[in-house]
Amino acid sequence: MKGMSNKRSLKKHIHRVCGQAAVEVLQDLPVEIAHKAVVQLAVLQSGALSKVSFSFDHSRRDFANKHAYNKARTLYVKAAYDKLKSDFNKDLQKIVSEINSNLSDNDRQANKEKAND
């Protein structure tokens with residue numbers, strides 16, 4: 001999620017990553033594991049999308065001038081997006097790890113070979 005400069009591109013990225021992951025899961029995994037993984041991906045997607053919109057908790061009047069307000073707001077938004085990206089990636093890695101732990105050794109090896117191609 002590098003360089004997500006606005007809400008629109010961040011939302012598109014979240015949709016794209018979760019969608020591609022769900023397609024991969026449905027194509028390559030047994031039905032029981034795939035169903036559980038797709039549900040987890042859907043929950044991850046909806047949770048991440050709900051966190052994209054937020055408000056800066058100060059008003060312009062709380063600052064000495066407009067420049068100070070804009071600087072504080074920019075830092076706040078950057079920190080919030082960075083946290084969202086970090087949490088999203090961490091949760092996605094958890095889902096992938098859980099999927100991998102449920103696979104047989106043969107399936108896991110086949111997925112590794114496919115990924116390296």
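Let's start on helix H3, where Asp82 and Lys78 form a salt bridge, their closest N and O atoms sitting 3.1 Å apart. Keep in mind that this is a predicted model. The two residues are four apart along H3, so about one helical turn separates them. Both ends of the pair are partly exposed: Asp82 has 33% relative accessibility, and Lys78 has 49%.

Stay on H3 for another pair. Asp91 makes a salt bridge with Lys94, and here the closest N and O atoms are 4.0 Å apart. The cut-off for a salt bridge is a nitrogen-to-oxygen distance within 4 Å. This time the spacing is three residues, which again means a separation of about one helical turn. Asp91 is partly exposed at 28% relative accessible area, whereas Lys94, at 54%, counts as exposed. As a general matter, side chains of opposite charge can pair when their charged atoms come close.

Now for a pair that leaves the single helix behind. Lys36 and Glu98 meet through their side chains in a salt bridge with an N to O distance of 3.0 Å. Lys36 belongs to helix H2 (residues 31-52) and Glu98 to helix H3 (residues 66-102), so this bridge ties together parts that lie 62 residues apart in sequence. Lys36 is partly exposed, with 44% relative accessibility, and Glu98 is partly exposed too, with 27%. Overall, the model has four salt bridges.

That cross-helix pair leads us to how H2 and H3 pack. Their axes are 11 Å apart and the angle is about 175°, which makes H2 roughly antiparallel to H3. Lys36 and Glu98 both turn up in the contact, and so does Asp91; other members include Ile33, Leu41, Leu44 and Val52 from H2, and Tyr81, Leu84, Phe88 and Ile99 from H3. Sorted by class, the contact has twelve nonpolar, two polar and four charged residues.

What about the other side of the story, helix H1? H1 covers residues 7-28, and its axis comes within 9 Å of the axis of H2, crossing at roughly 175°. H1 and H2 are therefore roughly antiparallel to each other. From H1, the contact draws on residues including Leu10, Ile14, Cys18, Val25 and Leu26, while H2 supplies, among others, Ala34, Val38, Leu41, Leu44 and Leu49. By class, the residues of this contact divide into 15 nonpolar, two polar and two charged.

With that many nonpolar residues listed, the core is the natural next stop. In soluble globular proteins, nonpolar side chains tend to be buried together. Here, the largest nonpolar core holds 22 residues, and the ones touching the most other members are Ile14, Val25, Leu29, Leu41, Phe88 and Ile99. H1, H2 and H3 are the elements that give two or more residues to this core. Some of these names have come up already: Leu41 and Phe88 also take part in the contact of H2 with H3, and Ile14 and Val25 in the contact of H1 with H2.

One last residue to look at is Val31. Is Val31 buried or exposed? Val31 lies in helix H2, and with a relative accessible area of 65%, Val31 is exposed. Set Val31 against Phe88: the two are 57 residues apart in sequence and 25 Å apart in space, going from C-alpha to C-alpha. Phe88, by contrast, is one of the core residues that touch the most other members.

Methods: Residues are numbered from 1 along each chain as its sequence is written. This is a predicted model: local features need pLDDT of at least 70, side-chain atom pairs count only at pLDDT 80 or more; totals for chains, interfaces and linings use all residues. Side-chain values use heavy atoms; hydrogens and water are left out. Buried means under 20% relative accessible area, exposed over 50%, partly exposed in between (1.4 Å probe, protein chains only). Axes are lines fitted to C-alpha atoms, for helices over the stretch in contact, and angles run from 0 to 180 degrees between N-to-C directions. Angles under 35 degrees count as roughly parallel, over 145 as roughly antiparallel, 65 to 115 as roughly perpendicular and the rest as oblique. Contact means heavy atoms within 4.5 Å. Ala, Val, Leu, Ile, Met, Phe, Trp, Tyr, Cys and Pro count as nonpolar, Asp, Glu, Lys and Arg as charged, and the others, Gly among them, as polar. A nonpolar core is a set of buried Ala, Val, Leu, Ile, Met, Phe, Trp, Tyr and Cys residues joined through side-chain atoms within 4.5 Å.
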